[in-house]
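Trainee: Hi, could you walk me through this one? I'd like to go step by step.

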Amino acid sequence: MKDLEQFGFRKGFNWETRFDLKTEVGKYLVSTIDLGLNHQFDVTLPPLYYETMIFIKGNTFEENPFEYYRERYTTEEEARLGHKKAIEYVEKWLAEKSDK
């Protein structure tokens, strides 16, 4: 594979073996991926290479209560912890919703 650094990707980033976590929680999908590119726009702060988002599984026009959930991280370790936190967030939301 071509060296992606020439396109601004982090040194050593490999698209084919990148970090990619997906966890289904009910009808939701918690996704944490290695973006490879720094998504930190303030050069005085640490780079942000990983991102967690929450989607509704499948093709649906249903409103997603987590549509604006997005967390970014510098390291894979932070991303793994953030992924777990997002799963717990969805589980708690589902439990509270079922109590009503």
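Trainee: Let me start with one residue: is Arg-72 buried, partly exposed or exposed?

Mentor: Arg-72 is partly exposed, with a relative accessible area of 23%. Here buried means under 20% relative accessible area, exposed means over 50%, and partly exposed is in between, using a 1.4 Å probe and protein chains only. Keep in mind that this is a predicted model, where local features need pLDDT of at least 70, side-chain atom pairs count only at pLDDT 80 or more, and totals for chains, interfaces and linings use all residues. Residues are numbered from 1 along each chain as its sequence is written, and side-chain values use heavy atoms, with hydrogens and water left out.

Trainee: Got it. Which residue does the side chain of Arg-72 meet in a salt bridge?

Mentor: That would be Glu-51, at 2.7 Å from N to O. A salt bridge here is a side-chain nitrogen of Lys or Arg within 4 Å of a carboxyl oxygen of Asp or Glu. Arg-72 lies in strand β4 and Glu-51 in strand β3, so the pair ties together parts that are 21 residues apart in sequence. The strand names come from DSSP: strands are E runs of at least two residues, helices are H or I runs of at least four, and both are numbered from the N terminus.

Trainee: And Glu-51, buried or exposed?

Mentor: Glu-51 is buried, at a relative accessible area of 9%. Glu-51 also belongs to a network of salt bridges with Arg-70 and Arg-72.

Trainee: Why would side chains like these pair up at all?

Mentor: Side chains of opposite charge can pair when their charged atoms come close.

Trainee: How many salt bridges are there by this rule?

Mentor: The count comes to eight. One of them joins the side chains of Asp-34 and Arg-10, at 2.6 Å from N to O. Asp-34 sits in strand β2 and Arg-10 in the segment before β1 (20–25), so this pair ties together parts 24 residues apart in sequence. Asp-34 counts as buried, at 4% relative accessibility.

Trainee: Which residue does Lys-57 meet in a salt bridge?

Mentor: The side chain of Lys-57 meets Glu-24, at 3.0 Å from N to O. This pair links distant parts of the chain, with Lys-57 in the loop between β3 and β4 and Glu-24 in strand β1, 33 residues apart. Lys-57 is partly exposed at 33%, while Glu-24 counts as exposed at 57%.

Trainee: New topic! What is the order of the strands in the sheet?

Mentor: It is an open sheet of four strands in the order β1-β2-β3-β4, with antiparallel pairing. β1 and β4 are the edge strands, each pairing on one side only. Two strands pair if DSSP finds at least two bridges between them.

Trainee: So how many bridges join β3 to β4?

Mentor: Four bridges join those strands, with β4 covering residues 70–73. In that pairing, Tyr-50 stands opposite Tyr-73 in β4. β3 also pairs with β2 (residues 28–34) in the antiparallel sense, over seven bridges, and there Ile-33 has Glu-51 as its bridge partner. β1 and β2 pair over six bridges, with Thr-23 opposite Val-30 in β2.

Trainee: Is β3 mostly covered or mostly open?

Mentor: β3 (residues 50–56) is mostly covered, since five of its seven residues are buried.

Trainee: What about the helix? Which strands do the buried residues of α1 pack against?

Mentor: They pack against β1, β2, β3 and β4, where contact means heavy atoms within 4.5 Å. Those buried residues are Ala-79, Gly-82, His-83, Ala-86, Ile-87 and Val-90. Glu-96 is also found in helix α1 (residues 76–99), but Glu-96 counts as partly exposed, at 41% relative accessibility.

Trainee: One last residue: where is Asn-64 found?

Mentor: Asn-64 is in the loop between β3 and β4. Asn-64 is buried, with a relative accessible area of 14%. Not counting residues up to four places away in sequence, Asn-64 touches Tyr-28, Ile-54, Phe-55 and Ile-56.

Trainee: Thanks, I'll go and find these in the viewer!
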